[in-house]
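Good morning, colleagues. Please look at the sequence and the model on the screen, and I will then take you through the interior and the sheet.

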Amino acid sequence: MSGRLVTLEGGEGAGKSTVLEAVRARLMRRGIEVVVTREPGGTALGEAVRALVLDPSRRGVCAESELLLMFAARAQLVREVILPAVREGRWVLSDRFTDASYAYQGGGRGQPHVRIAALEGWAAPIEPDLTLLLDIGVAEGMARAGARGRADRIEQEDAGFFERVRAAYRERAAAEPARFRVIDAGRPVEAVREAACAAVDAYLDALGASR
């Protein structure tokens, strides 16, 4: 089976880390070699950018700078991790990818779609094969995120920001139903994990049937 890129997306408090581990385990049980990564991050450069972008002490970061930093980290991740793994037949499972920029820097910050698309085509020339969108109400998601402790710079945004992020995610899912699987992340954790794994199983079964 050829390599694939599977991404997990969602707003704050959606439970991506928990679901990612469950999906990784399910793929491995199905005999698939998995490379796990995250955004921003996944490389030495990406982790340095992550620390910079999420540092709550850094005020006044303009939307354009934030967008470019995200794509700088993404360009390195694609070339250092994602493309080599996919070309070798491995599957990459990423906690966030380009959809996050359309949601956070586009929906949240108001950066034009055409600007993000131009950066995507140049810096991240690969599209996910499957995207699991963990959808949760903003109030519940913010409450969950707040329970984790000190908020990072983006987590400190107000509810209006996260409502725009959620709306942008849902718009992308509606526009690309063949790629997205929208999962209700407001349910108990076990139910969310099972729904995500079921979506992955269905995708794998469809791949097998199409060969």
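Leucine L132 touches T7, L8, E9, V23, R181, I183, A196, A199 and V200, leaving aside residues up to four places away in sequence. Please bear in mind that this is a predicted model.

L132 also belongs to the largest nonpolar core, which has 24 residues; V23, L27, W91 and L132 are the members that touch the most others. Two or more residues each are given to this core by strand 1, helix 1, strand 3, strand 4 and helix 8. Helix 8 provides the largest share, with 7 residues. There is a second, separate core of 18 residues, and V49, A103, Y104 and L133 are among them.

Let me turn to the sheet. It is open, with 5 strands in the order 2-3-1-4-5, and the pairing is parallel. Which strands stand at the edges? They are strand 2, residues 34-38, and strand 5, residues 180-184; each has a single partner strand, so one side of each is left without a neighbour in the sheet. On average, neighbouring strands are turned by 20 degrees against each other, direction ignored.

Strand 1 and strand 3 run parallel and are joined by 5 bridges. One bridge partner in strand 3 is W91, which pairs with R4. Helix 1 packs on the sheet, where it touches strand 1, strand 2, strand 3 and strand 4, and its direction makes about 170 degrees with that of strand 3. Helix 3, residues 63-87, also packs on the sheet, touching strand 1, strand 2 and strand 3.

Finally, consider Q105 in helix 4. Is Q105 buried or exposed? Its relative accessibility is 2%, so Q105 counts as buried.

Definitions and conventions. Residues numbered from 1 in each chain as written. Predicted model: local features only at pLDDT ≥ 70, side-chain atom pairs only at ≥ 80, totals over all residues. Heavy atoms only, no water. Core = buried A, V, L, I, M, F, W, Y, C linked by side-chain atoms within 4.5 Å. Buried < 20%, exposed > 50% of the residue type's maximum accessible area, 1.4 Å probe, protein only. Helix = DSSP H or I, 4+ residues; strand = E, 2+ residues; numbered from the N terminus. Contact = heavy atoms within 4.5 Å. Pairing = 2+ DSSP bridges. Axes fitted to C-alpha atoms, helices over the stretch in contact; angles between N-to-C directions.
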